[in-house]
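Here are my notes on this model, point by point. Have the viewer open while you read.

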Amino acid sequence: MLNGQRPPCLAEAINNTLAELLTDDPRTVLLGEDIGRLGGVFRVTRDLRQRFGPDRVRDALLAESSIVGSAIGMSLAGLVPICEIQFDGFVFPAANQLVTQAGRMVDRWNGELALNLVVRVPTGGGFRGVEHHSDSNEAFFAHAPGIAVACPSTPGDAARILRHAAGLGRPVMIYEPIRLYWRRELPERPDIGAESATGARIAHAGTDLTVVTFGAITHDVLTAAAVAEVDAEVIDLRWVSPIDFDAVLGSVARTGRLLIVHEAAGFAGIGAEIAAEVSENGFHHLRAPIRRVAAPGGGYPPADFENDHVPGVERIIEEMRKAVG
């Protein structure tokens, strides 16, 4: 509690930060489907249209390619557009604008062009959604040149990342965990800041095992670490493009073991890239094989079966124990 008031949840932290950006910089514009009158499908932008008007908080057509394409033009004209995509499974119609245009423009102009563009993407499962509504496709865009990709797991990080992204001068996609938007029952843990705006943070210090994770599942990893009888050091990446490999390698040098946990499919995912980096540059520190916990391949299942798809605390505990066994 802060000054007798409860701290903001993730959705409130984002809403407050968007209001600050709209207040502080008249160039800032929000656009997305139903973000104005409705306040967005998750009500993250509620009341902002009433406060700042329909020219600053714009309801867009039901066309993601139009949302991002318009935002690129706004940025080139000197504005700072912040887009909302309703669910990450709907972002692919905008992939052409993001990958072939926005991600390449700054380098195409030898860094002389600033492209202030933020795309907010609600992501992940755990709330009884269905396919296209519970995906985790951050690895697709982390692979694309010129696009930064962030995955906050706490309200403080979400606010800090959003402020940084709005002034970066390059396109940024922020993957916001849906199941954390309005969740207030999370245990209070210190929000340890990183040394830089794009650095990883040590969410829990330990000596036996390094666990690298990001997004909503960070909290499952922390819960697992508390009961697994393993002294795990939990690294919350915060960004998956760029990845703070120095933080990962430094932790592995201390613990000698590595487990990577993420909600997306394991094949060609962020975990595979981290495993490759540690194998190439930190192999001499390893005392055991690298292990991964991830979702199986295939589409997201119906709601009644999502607990068999999204890795849970029990599976993470099992893999922690195997990693140090």
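1. Let's start with helix 3, and bear in mind throughout that this is a predicted model. The buried residues in helix 3 are Glu-64, Ile-67, Val-68, Ala-71, Ile-72, Met-74 and Ser-75. Looking down the axis of helix 3, you'll find those buried residues within an arc of 165 degrees, so they line one face of the helix. The general rule behind such a pattern is that an α-helix has 3.6 residues a turn, so residues three or four places apart point the same way. As for its length, helix 3 runs over residues 64-76, which is 13 residues. From first C-alpha to last it reaches 18 Å, close to the 18 Å expected at 1.5 Å a residue.

2. Helix 9 deserves the same kind of look. Which of its residues are buried? They are Ile-270, Gly-271, Ile-274, Ala-275, Glu-277 and Val-278. These cover an arc of only 160 degrees around the axis, which puts them on the same side of helix 9. Helix 9 has 12 residues (270-281) and spans 17 Å between its first and last C-alpha, close to the 16 Å expected at 1.5 Å a residue.

3. Now the open space. The second largest pocket holds about 510 Å³. It is lined by 24 residues, and the closest to its centre are Ser-136, Asn-137, Phe-140, Ala-264 and Ala-265. Helix 5 (138-142) and strand 11 (258-265) each put at least two residues into that lining. By residue class, the lining of this pocket splits into 11 nonpolar, nine polar and four charged.

4. On to the enclosed space: how many cavities of 30 Å³ or more does the structure hold? There are two. The largest cavity has about 130 Å³ of space. Among its 14 lining residues, Thr-123, Phe-214, Gly-215, Ala-216 and Glu-263 lie closest to the centre. Strand 6 (171-177) and strand 11 are the elements that give two or more residues to this lining, with strand 11 providing the largest share, three residues. The lining of the largest cavity comprises seven nonpolar, five polar and two charged residues. If you're colouring by element, strand 11 is worth picking out, as it turns up in the lining of the second largest pocket and in that of the largest cavity.

5. The second largest cavity has a volume of about 30 Å³. Its lining is made up of Leu-18, Leu-30, Ile-35, Thr-45, Ile-82, Glu-84 and Arg-120. That gives four nonpolar residues, one polar and two charged.

6. Last, the cysteines. The structure holds zero disulfides. Cys-83 is in none, and the nearest cysteine sulfur to its own, that of Cys-151, is 17 Å away. Why is Cys-151 not bonded to Cys-83? Because the two sulfurs are 17 Å apart, which is too far for a bond; the cut-off used for a disulfide is 2.5 Å. Buried or exposed, these two? Cys-83 is buried, at a relative accessible area of 0%, and Cys-151 is buried too, at 3%.

Conventions:
Residues numbered from 1 in each chain as written. Predicted model: local features only at pLDDT ≥ 70, side-chain atom pairs only at ≥ 80, totals over all residues. Heavy atoms only, no water. 1 Å grid on protein atoms, 1.4 Å probe; cavity = no way out; pocket = protein on both sides within 12 Å on 5 of 7 lines; lining within 4 Å. Points joined across faces, edges and corners; volume = space filled by probe spheres on them. Helix = DSSP H or I, 4+ residues; strand = E, 2+ residues; numbered from the N terminus. Nonpolar A, V, L, I, M, F, W, Y, C, P; charged D, E, K, R; others polar. Buried < 20%, exposed > 50% of the residue type's maximum accessible area, 1.4 Å probe, protein only. Expected span 1.5 Å × (residues − 1). Arc of directions from axis to C-beta.
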